Amino acid sequence: MSLHPTLQPYADAWTHSVDAISEMVQPLAEAEWNRRTPCPGWSVRDVVSHVIGLDSELLGDPRPIHSLPRDLFHVANEHQRYMEMQVDVRRHHTAPEMTAELEYTVIRRNRQMRNENREPDTLVRGPLGTEVTLEQAYRVRAFDVWVHEQDLRTALGRPGNLDSPGAHVTRDFLLEMLPKIVAKDANAPRSSAVVFDVHGPVEFLRTIRVDIQGRGTLETAPALGPVASLSLDWETYVRLACGRVTPEAVADHIKTDGDQELAAAILHHFVVTP
């Protein structure tokens, strides 16, 4: 049994990233599991706990029954509380416990994907009691695990895989968010265009066109006379979009032309992760 062709690229990207995570954390000393990552409020242990927890849920495992502490400053809404549950329940797990559970979870997920015979539009359990399609679940896992692989690489001083299969899934996932960011959140002028020029391991040039009704669309064709343009490197783009840095902290990595107020508004609304 082989995966549906629509699901295979996401499964491959997930496997590539989770194998990289396993390789990175396997030799870590106990103290290194406490290193802070760029993911707000989360250590290396917390990030790995999150990966284990969400993949366990896709396997159908029950969520832990656990009361969160009241002093978690980085937990501010229901979505974050949901995500924190799988993390906090493992905060006192040892390094051997973490690596063993990660390895076991990866083995089970690989087996599940090898035997997967459901169609991409099958509804499965999503966060907060929602239902999502199987394709969306696979896609979000590939995106999520690659971003957390990068969190761990930053924390452990092991840069790499910025152009891996997960990076390309992430590119497409983040690009889909741009029309709303530009047209609705940043309130770009109607009948205008904004250009994004991203360079580095993953390169792309994209235009967001805002029509007379104020709706944004993503285009690959360059725009003549855009109202604003933003140029930045791929790593900075990801870190901004995933809330790992503020625009002010990486201002020297971003070049903006045209309407500076609009460019600032776009960057202000750039975070797409809850």
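This passage describes selected local features of a predicted model.

The residue H74 is located in the loop that connects α2 (44-58) with α3 (78-88). Despite this loop position, H74 counts as buried, because its relative accessibility is 13% and the cut-off for burial is under 20%. Its side chain makes a polar contact of 3.0 Å with the side chain of E84. When neighbours within four places in sequence are left aside, the residues in contact with H74 are P40, G41, W42, Q80, E84 and R91. E84 therefore appears both as the polar partner of H74 and in this list of contacts.

A second loop, between α7 (178-185) and β3 (192-199), contains N187. S191 is placed in the loop between α7 and β3 as well. For N187, phi is near 55 degrees, which is a positive value in a residue other than glycine. Phi of S191 is likewise positive and near 55 degrees, again in a residue that is not glycine. N187 counts as exposed, because its relative accessibility is 61% and exposure requires a value over 50%. S191, at 55% relative accessibility, also counts as exposed.

Helix α9 spans residues 260-268, and its buried residues are L262, A263, I266 and L267. These residues lie on the same side of α9, because the arc that they cover around the axis is only 135 degrees. E261 and H268, on the other side of the helix α9, are exposed. The elements that cover the buried residues of α9 include α7, β3, β6 (228-233), α8 (234-241) and β7 (254-258). At the start of α9, the backbone nitrogen of E261 has a side-chain oxygen of D259 within 3.0 Å. E261 is thus described twice, as an exposed residue of α9 and through its backbone nitrogen at the start of the helix.

Aromatic residues were also examined. The count of aromatic pairs comes to seven. One aromatic cluster is formed by W146, F196, F204, W234, Y237 and F270. Two arginine residues lie over aromatic faces. R63 is placed over the face of Y82, at 3.6 Å from the ring centre. R109 lies over the face of W14, and here the distance from the ring centre is 5.3 Å.

Note on methods. Residues are numbered from 1 along each chain as its sequence is written. This is a predicted model: local features need pLDDT of at least 70, side-chain atom pairs count only at pLDDT 80 or more; totals for chains, interfaces and linings use all residues. Side-chain values use heavy atoms; hydrogens and water are left out. Helices (H or I, at least four residues) and strands (E, at least two) are DSSP runs, numbered from the N terminus. Buried means under 20% relative accessible area, exposed over 50%, partly exposed in between (1.4 Å probe, protein chains only). A polar contact is a pair of N or O atoms within 3.5 Å; within protein, one must be able to donate a hydrogen and the other to accept it, and residues adjacent in sequence count only if both atoms are side-chain atoms. Contact means heavy atoms within 4.5 Å. The arc is that of the directions from the helix axis to the C-beta atoms. Rings of Phe, Tyr and Trp (its six-membered ring) pair if their centres lie within 6.5 Å; planes under 30 degrees apart count as stacked, over 60 as edge-to-face and the rest as tilted. A charge sits over a ring if NZ of Lys or CZ of Arg is within 6 Å of the ring centre and within 35 degrees of the ring normal.
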